Amino acid sequence: MHHAHHNNLLPPLLEHFAAERQLVQSFLDRLDTLFPGLSADGNASPRENRGAFADLLFETIVALEDHASEEEAFMKKLALERGTPIQYERHIEDHAALAEAMNRIVDAYTIEDALDCARYLRLVLQRWRQDHIETFDKQMLGWICKDA
Ligand SMILES: [Fe+2]
């Protein structure tokens, strides 16, 4: 019964990962559309895109908050259901670190350094996609599969 229960968690978690990757990639695509020269250090136009960049920045922050609260609730529930403890503290710390990095962009955001903010957001989004999802989020998959 125990095993069947954890197997049932697998499909929604895989869906969650696919949706997260797609969402973060869509943010990166929008950022690259707003600032076409961002990755190549070309002729971006931060003034014109100021409003759209602010929208994207806040949507990113809200999406990370959703990501964090959803997963943290999931991990706490899983830890309660399991006999063995689950080490999810570092995952929660990484959510906080990503949120802090995004909030620093909000604090630093002025019309003069909009391009720097866009560059920094790009790095944070890449870290979310490449490091966070691939290490901390995937760790949850391991916990479920371990005794499935
Ligand atoms: Fe996460």
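This briefing describes an iron site and a group of aromatic rings. The model is predicted. Six donor atoms surround the iron ion in an octahedral arrangement, and ring pairs join Phe35, Phe53 and Tyr109 into a cluster.

**Iron site**

- The iron ion is bound by His67 (NE2), Glu71 (OE), His91 (NE2), His95 (NE2), His132 (NE2) and Asp137 (OD), at 2.0 to 2.3 Å.
- Angles among the six donor atoms run from 82 to 174°, and the site is octahedral.
- Along the chain, the donors of the iron ion are spaced as H-x3-E-x19-H-x3-H-x36-H-x4-D.
- Glu71 in helix α2 (residues 50-81) and Asp137 in helix α4 (residues 114-146) link distant parts of the chain, 66 residues apart.
- Glu71 and Asp137 are both buried.

**Aromatic cluster**

- Two aromatic pairs are found in a search of the whole structure.
- One of them is the edge-to-face pair of Phe35 and Phe53, with 5.7 Å from centre to centre and 80° between the planes.
- Phe35 lies in the loop between α1 (2-34) and α2, whereas Phe53 belongs to helix α2; the pair links distant parts of the chain, 18 residues apart.
- Both Phe35 and Phe53 are buried.
- Phe53 also forms a tilted pair with Tyr109, at 5.2 Å centre to centre and with 50° between the planes.
- Because Phe53 is in helix α2 and Tyr109 is in the loop between α3 (89-108) and α4, this pair ties together parts 56 residues apart in sequence.
- Phe53 has 0% relative accessibility and therefore counts as buried.
- Tyr109, with a relative accessible area of 16%, is buried, as the cut-off is under 20%.

How values were computed. Residues are numbered from 1 along each chain as its sequence is written. This is a predicted model: local features need pLDDT of at least 70, side-chain atom pairs count only at pLDDT 80 or more; totals for chains, interfaces and linings use all residues. Side-chain values use heavy atoms; hydrogens and water are left out. Donors are N, O and S atoms within 2.8 Å of the metal (3.2 Å for Na, K and Ca); water is not among the atoms, so sites may look incomplete. Four donors count as tetrahedral if all angles lie between 85 and 135 degrees; four count as square planar and six as octahedral if opposite donors are over 155 degrees apart and all others between 65 and 115; anything else is irregular. Helices (H or I, at least four residues) and strands (E, at least two) are DSSP runs, numbered from the N terminus. Buried means under 20% relative accessible area, exposed over 50%, partly exposed in between (1.4 Å probe, protein chains only). Rings of Phe, Tyr and Trp (its six-membered ring) pair if their centres lie within 6.5 Å; planes under 30 degrees apart count as stacked, over 60 as edge-to-face and the rest as tilted.
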